[in-house]
Amino acid sequence: MSGVQRVLLCGTGPASIQLAVMFKNHLDCYVGLAGRESVRSAAFYTALEVHRQQLQVTIQNEKHRALAGECIVDQVFRGYDTIAGEWHTLILAVTTDAYIDVLQRMDDTFIQQLKYVILVSPTFGSSLLVNQYLQERRAEPEIISFSTYLGDTRWRHEHPSNQVITTGVKRKVYIGSTVPDSAYVHQLSELFERLHISLGVMSSPLEAETRNISLYVHPPLFMNSFSLEAIFGQQGVPKYVYKLYPEGPITPALIRNMRAHWQEITQITDRLHVPGINLLQFMTDDNYPVRLESLSRDDIEKFDQLQAIHQEFLLYIRYASLLIDPFSEPDAAGTYFDFSAVPFRHIFTNREGELDVPRMPKEDYYRIKIIQGIARHVQVSCPTIDHFIATYEAKLQETARAHPDQRLSTAFVIQSFQQDIRMIYSALTDSKD
């Protein structure tokens, strides 16, 4: 299949290197890499030059051996406007909010030859957005969305280079295509089987995009006063994302908002005729399990049929049960692995010398604004989502005022993302015609 043979990856981050090695070594593809010219990408391009375009992936856990390897990437493009040649598959391994910006930098001749576009880490609605944009440029490729990237890949030596390490791999990832019974999806399923990753095939890209746990838990965990103070405030005693108050943000009120947020997303998916998820089952079966002594199978499987207060109780139990890794081996003192000790990352100065916001919640801001826009289009009330956004935007403005003499990144700008929302509206309207 010609589309699988010539693959162009967009993005100069660790995920692009892992994916390049996968496609090169497992599918014997002709692989290209394209990215921006920036302060951040300069070290990456330099490393590629020094090592003659060789990429290297190592692994932390031996059971992920199939993901390790080396390859020589066939072509490298510095700047999306420099892309040349025949490329039938485009893989967008950039942040979700950058999809349209990246595509806008490519010329029409390149865009119109595309047969497949793969979204590695989309959010809810990304496939609608990309499909609509490409149609406006007279291109009609097959759009394939993964629910999320396959694992956790980072720079081998903590700075951009040609070497990465994959430290964790998801047990299950979902995928959906605009083409029913897609031959490309079948081939990707075979690839993931060789990588020992379960790949659930959904009926559409939009359905696959709903199978990302970040959509449901990041806004309540990060867009509250406790977490935002830990991220934007003065650094003091460390606070942790997944711990109970006062070590972390998890309180009965946060859990109440998490359940309400899930319910609002479910109302949106219902309006779009997309199957929703059982939140507790998705957390335990597709993400990280707890012991049956903590949550019974009956409670997990009937979760979405229970009353609200019962659902909140079970969600709180779930987080309390994961304060330690319940499947780790205790040490001599009876102490289990401190599973929940994931510290909040603080605002920082980026490579351009600007004050910047960590990836979480910066990327979550785009995700939740898009969901809010879709909710308005399908006429679903979403007061919990509105509250998360208002709380986050107020903190951005407060922090900007507190640093009048410092250059700020665009992450501090209150944004509407109206261009992206407009295209999603158009896609949803067209689908009804």
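**Group meeting: a protein fold and one of its sheets**

Hi everyone, thanks for coming. The protein I brought today has 17 helices and 14 strands. Its radius of gyration is 22 Å, close to the 22 Å that the globule rule gives for 433 residues, so this chain is as compact as a globular protein of that length. Please keep in mind that we are looking at a predicted model.

A few overall values, then. Along the principal axes, the C-alpha atoms fill a box of roughly 60 × 55 × 50 Å. Of the 433 residues, 55% are buried. The accessible surface comes to about 19500 Å², and carbon and sulfur atoms account for 49% of that. If you take the contacts between residues at least 6 apart in sequence, 73% of them join residues at least 24 apart.

Now let me zoom in on one sheet. It is an open sheet of 4 strands, ordered β4-β3-β10-β9, and the pairing is mixed. The edges are β4, residues 69–72, and β9, residues 151–155; each has a single partner strand, so one side of each is left without a neighbour in the sheet. From one strand to the next, the twist averages 25°.

Who pairs with β4? That would be β3, residues 54–59, in the antiparallel sense and over 4 bridges. To pick out one position, Leu 55 has Cys 71 in β4 as its bridge partner.

And what packs on this sheet? Helix α2, residues 14–27, does, touching β3, β4, β9 and β10, the last of these being residues 163–169. The direction of α2 makes about 85° with that of β4.

That's my tour, so over to you for discussion!

Terms used:
Residues numbered from 1 in each chain as written. Predicted model: local features only at pLDDT ≥ 70, side-chain atom pairs only at ≥ 80, totals over all residues. Heavy atoms only, no water. Pairing = 2+ DSSP bridges. Helix = DSSP H or I, 4+ residues; strand = E, 2+ residues; numbered from the N terminus. Axes fitted to C-alpha atoms, helices over the stretch in contact; angles between N-to-C directions. Contact = heavy atoms within 4.5 Å. Rg over C-alpha atoms; globule rule 2.2 N^0.38 Å. Buried < 20%, exposed > 50% of the residue type's maximum accessible area, 1.4 Å probe, protein only. Areas by Shrake-Rupley, 256 points an atom, 1.4 Å probe, with all protein chains shown as cover.
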